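Welcome, and take a moment to look around before reading on. The report below walks through the fold piece by piece.

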Amino acid sequence: MKLYFYILDRNEKFNPETRTFEKPVFKIRAEECEVIEKPKTYKALTNFPNGIYAGFVRKEDVGKIFGTLTKYIVLKEPNYQFAKDKFLKEYNAEISRLKNAIAMYEDMIAAIEDCKEDVKC
């Protein structure tokens, strides 16, 4: 049996002159992997794709985003559009959450700046 991995890769080049990393470049990489099906999990026949550091994939986790540094989605059938939509939904929600947090902090800063030393705020 095969599982299909859609991995959000991050490629950063190191600049030895400045001793810093350049801006990362992201892309979705698709790989298939032969697995052995167990009652509740899938185990790789050899190894999972590069960047996936897991010993197994739980059946209930198929179709969900996983990973800490390298985000990935596992599917039973190849479906690039599903993976793309899932990543877009995840990161658009995160952007919305962060915009709300920034707005709240800007309101806090405005309140602090408006406060006078000799007046109760």
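Is T41 buried or exposed? In this predicted model, T41 counts as buried, because its relative accessibility is 18% and buried means under 20%. T41 is found in strand β5, which covers residues 41-44. Leaving aside its neighbours within four places in sequence, T41 is in contact with I36, F56, V57, R58 and K59.

**How the strands pair**

Let us follow the strands from there. β5 pairs with β4 in the antiparallel sense, over three bridges, and the two form a hairpin with three residues between them. Within this pairing, E37 has Y42 in β5 as its bridge partner. On the other hand, β4 (residues 25-37) also pairs with β1 (residues 2-11), again in the antiparallel sense, over 10 bridges. Here R10 finds its bridge partner in F26 of β4.

**The nonpolar cores**

Next come the nonpolar residues. In soluble globular proteins, nonpolar side chains tend to be buried together. The largest nonpolar core in this model has 12 residues, including L3, F5, I7, Y42, V57 and V74. Two or more residues of this core come from each of β1, β4, β5 and β8 (71-75), and β1 gives the largest share, three residues. Apart from this core lies another one of eight residues, with Y4, L8, I73 and L75 among them. V74, a member of the largest core, is in contact with L3, Y4, F5, V57, V62, G63 and K64 when neighbours within four places in sequence are left aside.

Some nonpolar residues are found on the surface instead: M104, Y105, M108 and I112 form a patch there, with about 430 Å² of accessible area together. M104 belongs to helix α1, residues 80-114, and is partly exposed, with a relative accessible area of 41%.

**Salt bridges**

How many salt bridges does a search of the whole structure find? The search finds nine. Three of them are set out here.

| Salt bridge | Closest N to O distance |
|---|---|
| E12 and R10 | 3.3 Å |
| K59 and E37 | 2.8 Å |
| D61 and K64 | 3.9 Å |

The partners E12 and R10 both count as partly exposed, at 32% relative accessibility for E12 and 48% for R10. K59 and E37 are partly exposed too, with relative accessible areas of 26% for K59 and 46% for E37. This pair links distant parts of the chain, 22 residues apart: K59 sits in the loop between β6 and β7 (65-66), while E37 is in strand β4.

In the third pair, D61 counts as buried at 9% relative accessibility, whereas K64 is partly exposed at 40%. Salt bridges that share partners join D61 and K64 with R58 and E60 into one network.

**Two loop residues**

Finally, here are two stops in the loops. R19 lies in the loop between β2 (14-15) and β3 (20-21) and is exposed, with a relative accessible area of 64%. Most residues other than glycine have a negative phi. R19 has a positive phi of about 55° although it is not a glycine.

T46 is placed in the loop between β5 and β6 (57-58), and is exposed as well, with a relative accessible area of 66%. From T46 to K86 there are 40 residues in sequence and 27 Å in space, C-alpha to C-alpha.

Methods:
Residues are numbered from 1 along each chain as its sequence is written. This is a predicted model: local features need pLDDT of at least 70, side-chain atom pairs count only at pLDDT 80 or more; totals for chains, interfaces and linings use all residues. Side-chain values use heavy atoms; hydrogens and water are left out. Helices (H or I, at least four residues) and strands (E, at least two) are DSSP runs, numbered from the N terminus. Buried means under 20% relative accessible area, exposed over 50%, partly exposed in between (1.4 Å probe, protein chains only). Contact means heavy atoms within 4.5 Å. Two strands pair if DSSP finds at least two bridges between them. A nonpolar core is a set of buried Ala, Val, Leu, Ile, Met, Phe, Trp, Tyr and Cys residues joined through side-chain atoms within 4.5 Å. Patches are made of residues with over 30% relative accessible area and no salt bridge: like charges are joined within 9 Å, nonpolar side chains (Val, Leu, Ile, Met, Phe, Trp, Tyr) within 5 Å. Accessible areas come from the Shrake-Rupley method with a 1.4 Å probe; for residues, only the protein chains shown count as cover. A salt bridge is a side-chain nitrogen of Lys or Arg within 4 Å of a carboxyl oxygen of Asp or Glu.
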